[in-house]
Amino acid sequence: AVGADDELWVGVYGRGVNRVQGGVVRQAITLADGLPSLLIRALHVDAAGDLWVGTEGGLARVSEGRLALLGAADGILSDDVFVVQSDGRGTVWVGTGGGLYAYRDERFTAYPAAGGSPGNAIYALHLDRDRTTLWIGSEAGLGRYREDSGFTSFGRHEGMLRHAVFQVLEDDSGRLWLSSNNGVLSVAKADLDRVAAGAHGALAV
């Protein structure tokens, strides 16, 4: 994760988090500093400059040099954190093995699969270039979230085979690239938007 003044936060699986600046390791965050686990899965720096650290043992936030653990008391019930992504409206989204969570006003809101989120295990979150669309990779495939329309899932009916989606990237031509348990897939965002709007016809994947 890239922070202020060209600092780079690097998660070392089994060893914690290093802060690198100018090619020199400036600081390390370990269990002694309050990390819930040394098994680092996600690092994200939000607009306020806070560092979010997702691990196999829970979620931590480092703000102004102080580390705080976030858990059940804050509204997040899963310690199995895979990904963290903030959007353009001040919300920090957290994907876990137990569902999708949104952090607003110092509190988490859960979005379970039964509530429209595409799956329980959320592996990938990608904020679109328009800063209003969140693409979601999960055990059940690809999903989309927009504040004005909520969640949309893309499955077999729309022409997407049932793939677990582990990563979502966007290219300059308006296509999403998805890594999955069945290889790499590519689909046009315009086609996804068309299908989400109710148009008939399968997606070209």
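A residue is called buried under 20% relative accessible area, exposed over 50% and partly exposed in between, with a 1.4 Å probe and protein chains only. By that scale R194 is partly exposed, with a relative accessible area of 31%. The model is predicted: local features need pLDDT of at least 70, side-chain atom pairs count only at pLDDT 80 or more, and totals for chains, interfaces and linings use all residues. Residues are numbered from 1 along each chain as its sequence is written, and side-chain values use heavy atoms, with hydrogens and water left out.

**Overall make-up**

- The protein has one helix and 18 strands; helices (H or I, at least four residues) and strands (E, at least two) are DSSP runs, numbered from the N terminus.
- Of the 205 residues in the protein, 46% are buried.
- About 10000 Å² of the protein is exposed, and carbon and sulfur atoms supply 49% of this area; accessible areas come from the Shrake-Rupley method with a 1.4 Å probe, and for residues only the protein chains shown count as cover.
- Taking contacts (heavy atoms within 4.5 Å) between residues at least 6 apart in sequence, 35% join residues at least 24 apart.

**Nonpolar core and surface patch**

- The largest nonpolar core has twelve residues: A42, W52, L59, L70, I76, V81, V84, V92, V94, Y101, Y103 and F108.
- Such a core is a set of buried Ala, Val, Leu, Ile, Met, Phe, Trp, Tyr and Cys residues joined through side-chain atoms within 4.5 Å.
- Strands β8 (81-86), β9 (92-96) and β10 (99-104) each supply at least two residues of the largest core.
- Not counting residues up to four places away in sequence, L59 touches P36, W52, V53, G54, A68, L69, L70, I76, V81, V84, V94 and F108.
- On the surface, V2, L8 and V10 make a nonpolar patch of about 230 Å².
- Patches take residues with over 30% relative accessible area and no salt bridge, joining like charges within 9 Å and nonpolar side chains (Val, Leu, Ile, Met, Phe, Trp, Tyr) within 5 Å.
- L8 belongs to strand β1 (residues 8-12) and is partly exposed, at 37% relative accessible area.

**Salt bridges**

- The structure holds 13 salt bridges, each a side-chain nitrogen of Lys or Arg within 4 Å of a carboxyl oxygen of Asp or Glu.
- R66 and E64 pair through their side chains (3.4 Å, N to O); R66 is exposed at 56%, and E64 is exposed at 69%.
- E170 and R129 also form a salt bridge (3.8 Å, N to O).
- Because E170 lies in strand β16 (residues 165-170) and R129 in the loop between β12 (122-127) and β13, the pair ties together parts that are 41 residues apart in sequence.
- E170 counts as buried, at 15% relative accessibility.
- A network of salt bridges links D128, R129, E170, D172 and K189.
- R194 and D191 meet in a salt bridge (3.9 Å, N to O); both lie in helix α1 (residues 189-196), three residues apart, about one turn of the helix.
- D191 is partly exposed, with a relative accessible area of 22%.

**T133 in strand β13**

- T133 is found in strand β13 (residues 133-138) and is buried, at 0% relative accessibility.
- The side chains of T133 and R146 make a polar contact (2.8 Å).
- A polar contact is a pair of N or O atoms within 3.5 Å; within protein, one must be able to donate a hydrogen and the other to accept it, and residues adjacent in sequence count only if both atoms are side-chain atoms.
- Apart from neighbours within four places in sequence, T133 is in contact with H126, L127, D128, R144, Y145 and R146.
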